[in-house]
Structure formats: C-alpha cells, structure tokens
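This report introduces one protein chain to a reader who has not seen it before. It goes through strands, helices and a loop in turn.

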Amino acid sequence: MGWLIAIVLVALVGWLVWGSASIDSGLYLKALCRKTGDERRVAITFDDGPDPVMTPRLLELLGRYGAKATFFVVGAKAVEHPDLVRRIVAEGHTLGNHTLHHRGLDPLRSTAAIAADLAYAREQVEALTGRRMKLFRPPYGVTNPMIGRAVRRMGLTTIGWSVRSFDTVVATPREEVLARITRRLHPGAVILLHDRLPEADCLLEMLLQKLENENYTAVTVDSLFEIEAYEN
C-alpha cells in the first residue's frame with residue numbers, strides 16, 4: 001500500500017508542476033493561446049521590453065510590412081523608455097502587462113503582492129499613454145494559485161502562446177529559430193518572441209517574409225481573439 005501512495009503522490013506533484021509550468025494547462029489560470037478556425041491570421045507577441053535598441057528596429061520592420069504586434073512590457077522598463085511605449089501605441093500595436101520587474105522569484109510572492117505589482121505596472125503605463133492595460137502575460141509562462149487569484153481579482157485577460165520560438169536559447173542561429181516557428185505555424189497562432197534579444201530584428205524580418213509568402217496576416221492579440229485590450 002505504501003508504494004501505491006508514493007506513486008499517487010509523485011503523480012500529483014508532477015501534475016501540479018506541469019500545471020504551473022504549462023501556460024495552456026488551465027490549471028490555475030485560463031489563458032488564450034490560439035484562435036480556432038482556418039483564417040490565416042496570427043499574433044506576433046514580444047515579451048520583456050521595451051528595449052532602447054531593438055524595439056525601434058522592430059517597430060520599423062512591422063511598419064514596413066504593414067504588420068501589427070503585441071508588446072507585453074515590463075513596467076519598470078516602460079518608465080525608463082516612455083517614448084517607445086507611446087510609439088508602440090501610436091503605430092497601432094497593443095500593450096500588455098508583463099509585471100513591474102519580471103524577477104525570477106516574483107511568482108512565489110503573495111496574491112496581494114502580485115496584484116500590487118501588476119497594478120503599479122498598469123498605472124505607470126496608463127500615465128504614459130492613457131491606456132489602462134487589460135491583457136496579461138505571466139513571466140516564463142508560470143502560473144500558480146497566487147497568480148491566478150491576483151489576475152482574477154484585477155479582471156485581467158491572460159494571453160499565452162501556441163508557438164514558442166525558444167529565441168532566448170543562447171547561441172541558437174536565427175535560421176534555426178525560424179524553422180522551429182515555421183514547423184509549428186498554424187492559422188490562429190500566437191507566436192512568442194522577445195524584443196530584448198540581439199538579432200531580434202533579423203529574426204522578425206525573416207518571420208515577416210515567411211508570413212507574407214504563406215499569405216498570413218499578423219494582427220494584435222486583441223484583434224485575433226476579438227477582445228478588449230484596454231479598460232474603458
């Protein structure tokens with residue numbers, strides 16, 4: 001009987017860990033990860049910015065290709081680079097909340113502390129743009145009961161992804177990252193990228209060319225899912 005209990009406990013722990021690490025598990029927090037249907041529209045999303053070097057280059061490329069994207073910004077970085085945040089909005093892209101500091105141990109804090117962090121990040125961006133962010137993406141895609149309660153308390157909509165590029169893996173050639181994205185590409189995809197990385201512009205241009213060649217249109221996540229990005 002003891003071994004059976006041990007197996008059950010190990011399985012339970014594994015399930016809880018999987019639920020925490022998998023953004024699409026829905027165990028602690030429901031996330032929008034893909035749009036069903038055959039319409040050839042996808043959402044390109046960027047985490048961890050804005051970055052003073054790369055974000056302007058990405059915006060220039062998006063404008064050149066007539067594409068739209070969603071930027072999940074870190075509140076503290078938004079305060080450091082207000083003109084970039086305003087430019088993102090002015091050029092028709094969407095802003096989302098990626099917490100105030102994006103620190104590794106943040107998910108282990110209390111519900112109240114997480115909610116306060118998200119609220120302060122939202123207030124900073126609202127002061128810069130007049131837009132009160134309603135979309136949220138958890139750093140690292142990690143969710144847990146505390147994050148779930150905080151997000152529901154604030155009435156945020158969580159956005160996950162269906163195509164993880166792994167562009168943060170050190171020394172991975174951009175061509176390999178693009179091939180990984182291409183293999184997983186599908187109508188209604190949400191693509192995860194980061195605008196703080198070297199050569200992020202090179203990767204984006206290759207991706208935009210690929211999407212254009214395959215008749216995909218890149219839109220914001222709120223347009224893809226037909227939801228509100230900001231509170232009225």
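How many bridges join strand E3 to E4? Four bridges join the two strands, E3 covering residues 69-73, and they run parallel. The model described here is predicted.

**Strands**

In the pairing of E3 with E4, threonine 70 stands opposite threonine 94. E3 also pairs with strand E2 (residues 41-47), again in the parallel sense and over four bridges. There, phenylalanine 46 has phenylalanine 71 of E3 as its bridge partner.

Five of the five residues of E3 are buried. The table lists the two sides of E3 and of E4, which spans residues 94-97.

| Strand | One side | Other side | State |
|---|---|---|---|
| E3 (residues 69-73) | Ala69, Phe71, Val73 | Thr70, Phe72 | buried |
| E4 (residues 94-97) | Thr94, Gly96 | Leu95, Asn97 | buried |

**Helix H6**

Which residues of helix H6 are buried? In this helix, residues 145-154, they are Ile147, Gly148, Ala150, Val151 and Met154. Seen down the helix axis, these buried residues fall within an arc of 165°, so they line one face of H6. Arg152 and Arg153, on the other side of H6, are exposed. The buried residues pack against helix H5 (111-129) and two strands, E5 (135-136) and E6 (157-159).

**Helices H7 and H8**

A pair of packed helices is described by the angle between their axes and the distance between the axes. For H7 (residues 174-184) and H8 (residues 200-213), the angle is about 35° and the axes are 10 Å apart. The crossing of H7 past H8 is right-handed. On the H7 side, the residues in contact are Arg174, Glu175, Val177, Leu178, Ile181 and Thr182, and these meet Leu203, Met206, Leu207 and Lys210 of H8. Sorted by class, this contact holds six nonpolar, one polar and three charged residues.

**The loop after H7**

Where is proline 187 found? Proline 187 lies in the loop between H7 and strand E8 (190-194). Is this proline buried or partly exposed? Its relative accessibility is 22%, and because buried means under 20% and exposed over 50%, proline 187 counts as partly exposed.

Proline 187 and glutamate 39 are 148 residues apart along the chain, and their C-alpha atoms are separated by 5.8 Å. Leaving aside residues up to four places away in sequence, proline 187 touches Lys35, Gly37, Asp38, Glu39, Arg40, Arg41 and Tyr216.

Key: Residues numbered from 1 in each chain as written. Predicted model: local features only at pLDDT ≥ 70, side-chain atom pairs only at ≥ 80, totals over all residues. Heavy atoms only, no water. Axes fitted to C-alpha atoms, helices over the stretch in contact; angles between N-to-C directions. Left-handed = near helix turned anticlockwise from the far one by under 90°. Contact = heavy atoms within 4.5 Å. Nonpolar A, V, L, I, M, F, W, Y, C, P; charged D, E, K, R; others polar. Buried < 20%, exposed > 50% of the residue type's maximum accessible area, 1.4 Å probe, protein only. Pairing = 2+ DSSP bridges. Arc of directions from axis to C-beta.
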